[in-house]
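Biologist: I would like to learn how to read a protein model step by step. Could you take me through some features, giving the general idea and then the case at hand?

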Amino acid sequence: MYNFTMQIPTKVHFGKGTISHLSELAEYGKKVLLVYGGGSIKKNGIYDVAQELLKAAGLKVYELSGVEPNPRIQTVRQGVEICKKESIDMILAIGGGSTIDCSKVVAAGAKYDGDAWDLVLDGSKIKAALPIFDVLTLSATGTEMDAFAVISDLTKNEKWGTGAQCLIPTMSILDPEYTFSVSKKQTAAGTADMMSHTMENYFSMENADCQKFMAEGLLRTMIKNGPIALREPDNYDARANLMWAGTHAINGIVGDGCSPAWCVHPMEHELSAFYDITHGEGLAILTPAWMEHVLSEKTLPHFVDFAKNVWGLDDDDEWALAHAGIDALKKFFFETMGIPANLRAVGIEDEKNFDIMAEKASKPCANAYVPLTKEDIIEIFKAAF
Ligand code: NZQ
Ligand code: ZN
């Protein structure tokens, strides 16, 4: 197990009705920037409840709306401008990962004397941020309890993750009922995303039994509850288990002590940067192709454990068992969860950008569990096509 330092300062209020804790924001100042996406929070009523609570707490509310899935730097810049002009004290994000990530970089941009894109390209430039609060409405990214934010500039086909300790939310409200209205597509994509976070950690662990067994438990939780949430969108316990498992997949509890370099995520971020696809769908498509590419004599024991402990499979032939584990994952993503099974099915019509995307992803992937070259990545894209 590698050395690590862990500090997660987020206060989590989990469960039905916990939105009432928005009153605590009054301890942090008077002016709040409420950030949200394309309107789902108005349709399901969370917007009205939040406005009432904020007003009752004596807060003055400013708004940044229309945050896009795969949030754009242009929207971040609008938020920073409001914060600077109005001397905003804190940010409240209500939505999924895109809204919360946008809010994080707005919070840092408000304290930065320069263009917010600098902070996306280089997290070490983030020295301070306004306090960030959120009401999570989609279980997927884990941004509600992590230090990261992912922002795109699609005019340049760029999508990059950044991070800093001060981007970890001060308080997150996790009410599973607020995810009842999430569509089947986003429920499936969110489940794939949290599984990918867990698997990126799982396959980069060495001698970290504690993290490994927790990761297996998280994966089993997701595999059990994802399909229930698809069938019964308002099943509270399924939504609650998905929500809490998704939070733990990336808050450090299973990732700290492991090799930090992920590789399926950098490959997917290129797909989103060039084709604006849904993050979780891209991950689901790439992960089995990546697994088949890296399965070797050396990695075989990891895949045997994955098949046995995550999928409950067994076979005397270890290679057959490893392949069966990967096949089980494919079946889960593409049949049980109904996720599109290849890149063509998400609208990527040809291979013309594979070279440039692989070139860009090859830098972070060079330090992965199994280091990947540009050529490896092109092969994985082709296998997923
Ligand atoms: O915009 P609205 O109208 O709110 O609709 C959203 C959006 O269309 C909708 N939605 C959210 N909650 C809903 C709902 N619809 C009905 N009912 C609700 N309760 O779902 C759509 C997708 O939302 P989005 O926020 O984009 O999804 P997600 O949470 O999956 O976030 C994806 C983004 O997070 C990044 C991804 O790359 C992508 O940009 N990630 C962030 C990470 C992090 N900060 O740690 C790590 C991840 O690996 C990931 O890269
Ligand atoms: Zn992800």
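Modeller: Let us begin with the metal site, bearing in mind that this is a predicted model. The zinc ion (ligand 2) has as its protein donors Asp193 (OD), His197 (NE2), His265 (NE2) and His279 (NE2), which lie 2.0 to 2.2 Å from the ion.

Biologist: How are the donor residues of the zinc ion (ligand 2) spaced in sequence?

Modeller: Their spacing follows the pattern D-x3-H-x67-H-x13-H. Distant parts of the chain are linked in this way by one pair, since histidine 197 belongs to helix 6 (residues 184–202) and histidine 279 to helix 10 (residues 279–294), with the two positions 82 residues apart in the numbering.

Biologist: Are histidine 197 and histidine 279 buried or exposed?

Modeller: Both histidine 197 and histidine 279 are buried. For a contrasting case, take lysine 127, which is placed in the loop between helix 5 (117–121) and strand 5. Its relative accessibility is 70%, and lysine 127 therefore counts as exposed, the cut-off for that word being over 50%.

Biologist: How should I read two helices that pack together?

Modeller: Two packed helices are described by the angle between their axes and the distance between the axes. Here helix 6 and helix 7 (residues 209–231) pack at about 170 degrees, and their axes are 10 Å apart. Because of that angle, helix 6 is roughly antiparallel to helix 7.

Biologist: Which residues of helix 6 and helix 7 meet?

Modeller: Among them are Thr191, Met195 and Tyr202 in helix 6, and Leu219, Met222 and Ile223 in helix 7. The residues of this contact between helix 6 and helix 7 divide into twelve nonpolar, four polar and three charged.

Biologist: And how do I read a sheet?

Modeller: Strands of a sheet pair through backbone hydrogen bonds, either parallel or antiparallel. In this model six strands form an open sheet in the order 1-8-5-4-2-3, with parallel pairing.

Biologist: Why is one side of strand 1 and of strand 3 left without a neighbour in the sheet?

Modeller: Strand 1 (11–14) and strand 3 (60–64) stand at the edges and have a single partner strand each, so one side of each lacks a neighbour in the sheet. Within the sheet, strand 2 (residues 31–36) pairs with strand 4 (residues 90–95) over five bridges in the parallel sense, and valine 32 stands opposite methionine 90 in strand 4.

Biologist: What lies across strand 2, strand 3 and strand 4?

Modeller: Helix 3 (residues 73–86) lies across them, running at about 155 degrees to strand 3.

Notes:
Residues numbered from 1 in each chain as written. Chains lettered and ligands numbered in written order. Predicted model: local features only at pLDDT ≥ 70, side-chain atom pairs only at ≥ 80, totals over all residues. Heavy atoms only, no water. Pairing = 2+ DSSP bridges. Helix = DSSP H or I, 4+ residues; strand = E, 2+ residues; numbered from the N terminus. Contact = heavy atoms within 4.5 Å. Axes fitted to C-alpha atoms, helices over the stretch in contact; angles between N-to-C directions. Donors = N, O, S within 2.8 Å, 3.2 Å for Na, K, Ca; no water. Buried < 20%, exposed > 50% of the residue type's maximum accessible area, 1.4 Å probe, protein only. Parallel < 35°, antiparallel > 145°, perpendicular 65-115°, else oblique. Nonpolar A, V, L, I, M, F, W, Y, C, P; charged D, E, K, R; others polar.
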